[in-house]
Amino acid sequence: SLYDDDDVSSSEEKEQKAPDQVEAEKQEDTQPEPEIEFSYSDEQKVALAELARETKERFPPSTTTFYDNVGELRRKFNEWGHAKGFHVSTQGSSLQCRRHKEPNSYAKKREKRMVAESKRRNVQTPRCGCGFSIRFSRAQRWIPDAPPRAVRITEGSRYEHSGGCFPSEDQLRSDQRSCGAFMRTLTKDKLRSLMDLLKYNPVVPASMMRNMMRPLYPEGAKITAKDISNMRIKIRNMLRQEEENQSAS
């Protein structure tokens, strides 16, 4: 459960496990991951240290302050973090920088749906092993009047970005695109011209797609082949949904 204090396992799961197994998993969860070494300039080190200080001052560990649920904590954190150039997502009982190490569960999912090597795409990941991590736990253990799903920030949080992660507007833009946040802002109204083009001419050159996509993207943003491929898929799905709606009406 996301709301257990120092463990992501529920009490029911713990009862089914041997005590030594539960203790081993608890220690593994609470142990900080080793940071990946990266050589920052002196100026970058100062900037990162100042950002860490500001972040801890804004979101300190507390036994009196709580957030109604994990979603509220993540939303408020990202509202502030986006202004500083980084994005966080929920992993277990913590908020982690988008550049954090890939969760083990992701690798396990890939193993279950293993694709033949000849069909695998060469995908570059923005993850660099950033150690930034804000831990949280159920608030009611310390604040009896807090709502049932309320959480508080706990000790053990790591406020400094590392591993080559350096929050900035460009990095945030890249992270938002890689996690699909930007694509979700592109509605049918914004994509109508592209939808009409692909509806009657499914094979559109990449150069034409890129030129038509340019006004939709932030100034200076690079439109990659992957962006174009994702846009084709998004528009095909929109067109198929429109056809199904028309058939149903």
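This is a guided tour of a predicted model, arranged as a series of selections to make in the viewer.

**The whole chain**

Begin with the full protein in cartoon representation. Its secondary structure amounts to 9 helices and 4 strands. Read from the N terminus, the elements follow the order α-α-α-α-β-β-α-β-β-α-α-α-α. The protein has 249 residues, of which 35% count as buried. Of the contacts between residues at least 6 apart in sequence, 67% join residues at least 24 apart.

**Helix 3 and helix 4**

Select residues 42-58, which form helix 3, together with residues 70-84, which form helix 4. The two axes lie 12 Å apart, and the packing angle is about 160°. Angles over 145 degrees count as roughly antiparallel, and helix 3 and helix 4 are therefore roughly antiparallel to each other. Their crossing is right-handed.

Next, display the side chains where the pair meets. Helix 3 contributes Leu51, Glu54, Thr55 and Arg58, while helix 4 contributes Phe77, Trp80 and Lys84. By class, the residues of this contact comprise 3 nonpolar, 1 polar and 3 charged.

Within this group, centre the view on Thr55, which is located in helix 3. Thr55 is buried, with a relative accessible area of 0%. Apart from neighbours within four places in sequence, Thr55 is in contact with Phe77, Trp80, Phe132 and Tyr159.

**The largest nonpolar core**

Now select Leu73, Phe77, Phe86, Leu95, Phe132, Ile134 and Ile153. In the largest nonpolar core, which has 23 residues, these touch the most other members. At least two residues of this core come from each of helix 3, helix 4, strand 2 (94-97), strand 3 (133-138) and strand 4 (151-153). The largest contribution to this core, 4 residues, is that of helix 4.

Which residues does Phe132 touch, when residues up to four places away in sequence are not counted? Expanding the selection around Phe132 should bring up Thr55, Phe77, Phe86, Val88, Leu95, Gln96, Cys97, His100, Arg158, Tyr159, Glu160 and His161.

**His161**

From Phe132, move to its contact partner His161. This histidine, His161, lies in the loop between strand 4 and helix 6 (169-178). Is His161 buried or exposed? With a relative accessible area of 2%, His161 is buried, since the cut-off for burial is under 20%. When neighbours within four places in sequence are set aside, the contacts of His161 are Tyr40, Leu48, Leu51, Phe86, Cys97, Cys130, Phe132 and Pro167. Leu51 in this list also takes part in the meeting of helix 3 with helix 4.

**Leu172 in helix 6**

Continue along the chain to Leu172, which is found in helix 6. Leu172 has a relative accessibility of 8% and counts as buried. Beyond its neighbours within four places in sequence, Leu172 is in contact with His82, Gly85, Phe86 and His87. Draw a distance between the C-alpha atoms of Leu172 and His87: the value is 6.6 Å, although the two residues are 85 apart in sequence. Phe86, a partner of Leu172, also appears among the contacts of His161.

**The second core**

Apart from the largest core lies another, of 15 residues. To locate this core, select some of its members, including Leu186, Leu194, Met209 and Ile235.

**Helix 7 against helix 9**

Select residues 188-200 for helix 7 and residues 225-248 for helix 9. Their axes come within 10 Å and cross at roughly 90°. Helix 7 and helix 9 are therefore roughly perpendicular to each other.

On the helix 7 side, show Lys188, Leu191, Arg192, Leu194, Met195, Leu198 and Lys199; on the helix 9 side, show Met231, Arg232, Lys234, Ile235, Met238, Leu239 and Glu242. This contact contains 8 nonpolar and 6 charged residues, with no polar ones. Two of its residues, Leu194 and Ile235, are also among the members of the 15-residue core.

**Helix 8 against helix 9**

Finally, keep helix 9 in view and add helix 8, residues 206-213. Here the axes again come within 10 Å, and the crossing is roughly 85°. That angle makes helix 8 roughly perpendicular to helix 9.

The residues that meet are Ala206, Met209, Arg210 and Met213 from helix 8, and Ala225, Asp227, Ile228, Met231 and Arg232 from helix 9. By class, this contact has 6 nonpolar, no polar and 3 charged residues. Met231 and Arg232, shown here opposite helix 8, belong to the contact with helix 7 as well.

Technical notes:
Residues numbered from 1 in each chain as written. Predicted model: local features only at pLDDT ≥ 70, side-chain atom pairs only at ≥ 80, totals over all residues. Heavy atoms only, no water. Axes fitted to C-alpha atoms, helices over the stretch in contact; angles between N-to-C directions. Parallel < 35°, antiparallel > 145°, perpendicular 65-115°, else oblique. Left-handed = near helix turned anticlockwise from the far one by under 90°. Contact = heavy atoms within 4.5 Å. Nonpolar A, V, L, I, M, F, W, Y, C, P; charged D, E, K, R; others polar. Core = buried A, V, L, I, M, F, W, Y, C linked by side-chain atoms within 4.5 Å. Buried < 20%, exposed > 50% of the residue type's maximum accessible area, 1.4 Å probe, protein only.
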